[in-house]
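Please look over the protein shown below. A short briefing on its fold and on the confidence of the model follows.

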Amino acid sequence: MKNQIKLWLGRTLLILSSQIFSQSLGQDTEGFSTLVFPSTNITLNLSEDVASFSLYRSSRFNNNNVASLPTISSAFRGSNDPKIISGKLEKILKQREAIRNKEKASKYFYYGVDLKGSSENGLAPIFSSEKLASSASINGLVGIKWMTHHHTKEHLLDYVQARLNMQEYSKIKKQLKKLVKNRVLTPTNQKYLVTKLNNDSITVKEKLSKVHSNINVLEKLKANYIPTMDDVINHLQLLVSHTKRLQGVIDRNQPDGDIFSHKKSLENLIKKKEFKFLLTSVPYDKDNLFASEWDKVIKKIDQLILQKKDEKYNAKAGFNPTQEIDKVITSFKKYATGLDLLQKLDVESENDIINTLNYKNKYLVYARGGFSGSEFKLDLQNNGTSIDSRFADTSFNGYNVELGTTMQFKKQKFFGASIAYSYTHNLGSLENRTFAFQTVDPNVQGGNLVNVEQINALTGSYDRFHRLDINFDYVYLFKLLEQRNPDKPSQMYLSVNPYLRHRIYNNANVLKNNTILGIGFHAYNSKDNKLMGGVYVQTRDLFGVHKNDKGFFDEGISFGLIVQYNFDGLKL
């Protein structure tokens with residue numbers, strides 16, 4: 001049987017290597033975990049010389065249509081007060097939760113297979129015949145998954161305030177169009193101000209930086225912007241009035257004091273920075289004001305006054321450029337407040353916040369079982385006088401059945417438990433030794449001819465028994481920072497996986513009931529295909545029931561390194 005299982009394992013790995021998708025949140029030294037997800041997992045345990053492959057799939061077999069749900073947006077109608085909106089929103093979330101849980105929830109059928117191979121002298125010989133001892137196993141799994149819907153008040157007010165402030169973006173776009181229509185901005189300016197803000201791939205941190213830059217640009221525009229049309233017309237009227245007065249005192253040949261007084265007043269008007277743009281078309285002689293052709297100057301100013309009055313008449317009533325720029329700045333500041341809230345909550349949109357307010361608890365109940373086989377050379381420790389009498393080529397066929405559950409709470413908490421019954425052996429407790437068998441030929445003259453044959457075998461108290469396992473796993477996922485690009489939201493998590501195994505033996509000659517405690521730290525990526533892995537530390541005998549039994553659990557604590565290639569898997 002063992003050879004057949006090995007052949008299945010090798011062929012399956014080859015056939016499925018092109019379509020594997022994998023993620024794992026943790027495992028013990030035997031590559032075991034009670035946490036089951038729709039994924040494919042190919043793993044190498046470099047410390048225990050174990051290669052394992054797991055393929056799990058899920059298929060929905062019950063998809064009842066849920067009754068229409070009250071909309072989130074309805075909470076925002078009728079008031080802009082965040083506290084009032086929060087109260088409405090909480091009622092809506094309770095209604096949505098009650099409707100979803102009242103309806104018969106969608107159920108999923110789970111199915112899958114586990115394949116495992118190991119060797120006592122390294123991973124390389126697992127699929128070859130040059131081994132000291134090798135083992136293989138195959139297990140099938142079936143299960144049913146369902147979920148319950150819940151909501152939380154945590155960050156409810158934050159969501160409301162973020163959404164109210166983020167709604168300013170639509171207002172900003174309208175305000176910018178208005179500025180373009182009234183020639184305060186060019187289409188190029190408008191495009192620059194919304195660049196990045198309408199791109200979902202840009203992070204909140206980058207958008208926030210862009211918004212602050214936009215506010216600075218608009219502040220400078222407001223400071224340097226031309227006066228209102230009424231101010232322009234009033235200034236032109238003052239110019240023509242002071243020009244006519246200066247021309248009059250010159251024509252009447254009045255005292256120099258009066259002439260220079262009027263000249264000074266006109267010069268002060270001409271020097272006003274905010275109106276300098278008007279003077280490009282007025283024919284004042286800038287080098288000698290008295291040399292100006294006053295009739296041409298007055299005529300040109302009168303034309304400008306008529307032109308500006310016409311522009312004012314055709315412009316939208318009540319449009320004030322500086323006031324409109326102020327409105328856009330205010331909207332950008334509110335929008336920035338919304339982005340600040342998103343950054344504080346470590347999310348990329350207000351929808352991400354509402355997704356945390358509504359969450360699902362997922363439950364899976366499964367049955368798993370299968371067969372295992374091993375082949376190895378065993379030292380019988382019987383003082384045999386020949387190789388055949390001292391060493392035995394040994395094979396073992398076992399089985400196991402398991403009933404378990406996997407639970408996911410909210411997004412990053414997982415709990416697994418199972419009870420398993422198996423017929424197995426203590427192959428992993430045996431010691432690998434190399435023996436030398438010498439044959440002496442005394443017929444050679446001048447000495448003895450010695451033929452030495454090396455034999456690799458396992459030695460120790462070999463035992464076969466039935467075992468009852470009680471298993472518990474817990475995982476919490478911590479989100480890690482993206483070191484290469486701090487502005488980019490990370491999909492990388494650290495899986496912290498404490499686990500407990502209690503083993504009860506029946507018909508065992510050497511092993512006693514014992515408990516194993518371990519913890520693993522595994523890198524986990526919920527999006528990209530990357531080579532992942534982890535480390536673990538595990539006690540082999542937590543309460544020391546074998547501490548006086550020489551040869552058993554000499555290494556009280558095991559350290560392990562796990563390597564795995566991820567294609568796809570659990571999405572958070």
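How much area does the protein expose, and what share of it do carbon and sulfur atoms supply? The exposed area is about 31100 Å², and carbon and sulfur atoms supply 52% of it; accessible areas come from the Shrake-Rupley method with a 1.4 Å probe, and for residues only the protein chains shown count as cover. This is a predicted model, in which local features need pLDDT of at least 70, side-chain atom pairs count only at pLDDT 80 or more, and totals for chains, interfaces and linings use all residues. Residues are numbered from 1 along each chain as its sequence is written, and side-chain values use heavy atoms, with hydrogens and water left out.

**Overall fold**
- The protein has 12 helices and 14 strands, taken as DSSP runs numbered from the N terminus (helices H or I, at least four residues; strands E, at least two).
- Of the 572 residues, 43% are buried, meaning under 20% relative accessible area (1.4 Å probe, protein chains only).

**Strands 5 to 7**
- Strand 5 (residues 358–379) and strand 6 (residues 391–409) run antiparallel and are joined by 18 bridges; two strands pair if DSSP finds at least two bridges between them.
- Ser-372 lies opposite Gly-398 in strand 6.
- Strand 6 also pairs with strand 7 (residues 413–425), antiparallel over 11 bridges, and Met-407 faces Phe-415 in strand 7.
- Three residues separate strands 6 and 7 in their hairpin, where Lys-410 has a positive phi near 55°.

**Confidence**
- Mean pLDDT (the predictor's confidence in each residue, from 0 to 100) is 78 for the protein.
- Helix 1 (residues 2–16) has the lowest confidence, at a mean of 40, and strand 7 the highest, at 94.
- Where pLDDT is low, the predicted coordinates should not be read in detail.

Notes. Buried means under 20% relative accessible area, exposed over 50%, partly exposed in between (1.4 Å probe, protein chains only).
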